[in-house]
Amino acid sequence: MKIALYPGTFDPITYGHLDVLDRASRLFDRIVITVARNSSKSPLFSSDERVDLINEVIKDVKSEAELVVKTFEGLIVDFATQENARAIIRGLRAISDFEYEMQMALVNRKLTGIATVFLMPHEKFTYLNSSIVRELASLDGDISHFVPPEVERRIKVKLNK
Ligand code: COA
């Protein structure tokens, strides 16, 4: 069974993430969407809320692969070993992502030999990230093009909109 981790902060999950997930699901049998309890960011949604939201969203996703959602703390390579994952999936949106992603991929490969598979989301999502979605939502901007309806609903509740 070919297993991959798809790690990230997912605060919140966007159509860009779902696009990468769709591409990854054609390459692997099982994808563990791995929500980082990231101490360097101050997420709007707690890790449990992010897991819950992703589960809600992927219910409607048609996928050839089995999709599961988990949280992790610590080194991503240790979690990959624990999950028997042979690869880490990362989305590459623009050249600006490259340097940071290459560094992470090389460090992770040095640590356990794990490969990182980079997938490019559809070009209509290249400018998208979760911070933009949160900022737009907080200023009453329309986020319906960027996130599924359930994410839009929950972000509005969270922000008391
Ligand atoms: N569509 C839309 N947005 C996307 C995207 C896509 N396809 N891919 C990435 N993004 C956005 C994210 O929403 C996020 O936006 P934000 O900064 O506004 O929150 C941003 O790009 C960064 O992506 P993310 O996937 O959240 O990465 P990250 O840099 O926050 O997290 C980890 C990366 C958690 C995987 C990494 O830090 C990690 O592995 N940490 C564990 C500790 C460890 O092992 N460290 C050693 C690594 S060498």
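**Reading the ligand site and its surroundings**

Q: What makes the pair between the side chain of Ser130 and an oxygen atom of the ligand a polar contact?
A: An N or O atom in the Ser130 side chain sits 2.6 Å from a ligand oxygen atom. A polar contact is a pair of N or O atoms within 3.5 Å (within protein, one must be able to donate a hydrogen and the other to accept it, and residues adjacent in sequence count only if both atoms are side-chain atoms), so this pair qualifies. Of the 940 Å² of accessible area that the ligand has on its own, the protein covers 83%; such areas come from the Shrake-Rupley method with a 1.4 Å probe, and for residues only the protein chains shown count as cover.

One word on where these values come from. This is a predicted model, where local features need pLDDT of at least 70 and side-chain atom pairs count only at pLDDT 80 or more, while totals for chains, interfaces and linings use all residues. Residues are numbered from 1 along each chain as its sequence is written, and side-chain values use heavy atoms, leaving out hydrogens and water.

Q: How do you know that Lys41 and Arg90 also make polar contacts with the ligand?
A: A polar side-chain atom of Lys41 lies 2.7 Å from a ligand oxygen atom, and one of Arg90 lies 3.1 Å from a ligand oxygen atom. Both distances fall inside the polar-contact limit, so both pairs count.

Q: Why is Lys41 called exposed, partly exposed or buried?
A: The relative accessibility of Lys41 is 47%. Buried means under 20% relative accessible area, exposed over 50%, and partly exposed in between (1.4 Å probe, protein chains only). Lys41 is therefore partly exposed. Lys41 belongs to the loop between strand S2 (30–36) and helix H2 (47–58); helices (H or I, at least four residues) and strands (E, at least two) are DSSP runs, numbered from the N terminus.

Q: What makes a residue part of the shell around the ligand, and which come nearest?
A: A residue is near a molecule or strand if one of its heavy atoms lies within 4 Å of it. Of the 25 residues around the ligand, Thr9, Lys41, Ile76, Ser130 and Ser131 come nearest. H4 gives the most to this shell, with 4 residues.

Q: What makes H1 mostly covered?
A: In H1, 7 of the 10 residues are buried, among them His17, Asp19 and Leu21. At the start of H1, a side-chain oxygen of Thr14 reaches to within 3.1 Å of the backbone nitrogen of Gly16.

Q: What is notable about the peptide bond that joins Asp11 and Pro12?
A: This bond is cis, with omega about 5 degrees. Pro12 sits in the loop between S1 and H1.

Q: Why does Met120 count as exposed or buried?
A: Met120 has 60% relative accessibility, so it counts as exposed. Met120 lies in the loop between strand S5 (115–119) and H5. Its C-alpha atom is 6.0 Å from that of Arg93, 27 residues apart along the chain.

Q: What makes the phi of Asn84 and of Asp140 worth a look?
A: Neither residue is a glycine, yet phi is positive, about 60 degrees at Asn84 and about 65 degrees at Asp140. Asn84 lies in the loop between helix H3 (76–82) and strand S4 (87–91), and Asp140 in the loop between H5 and helix H6 (149–158). Asn84 is exposed at 60% relative accessible area, and Asp140 is exposed at 59%.
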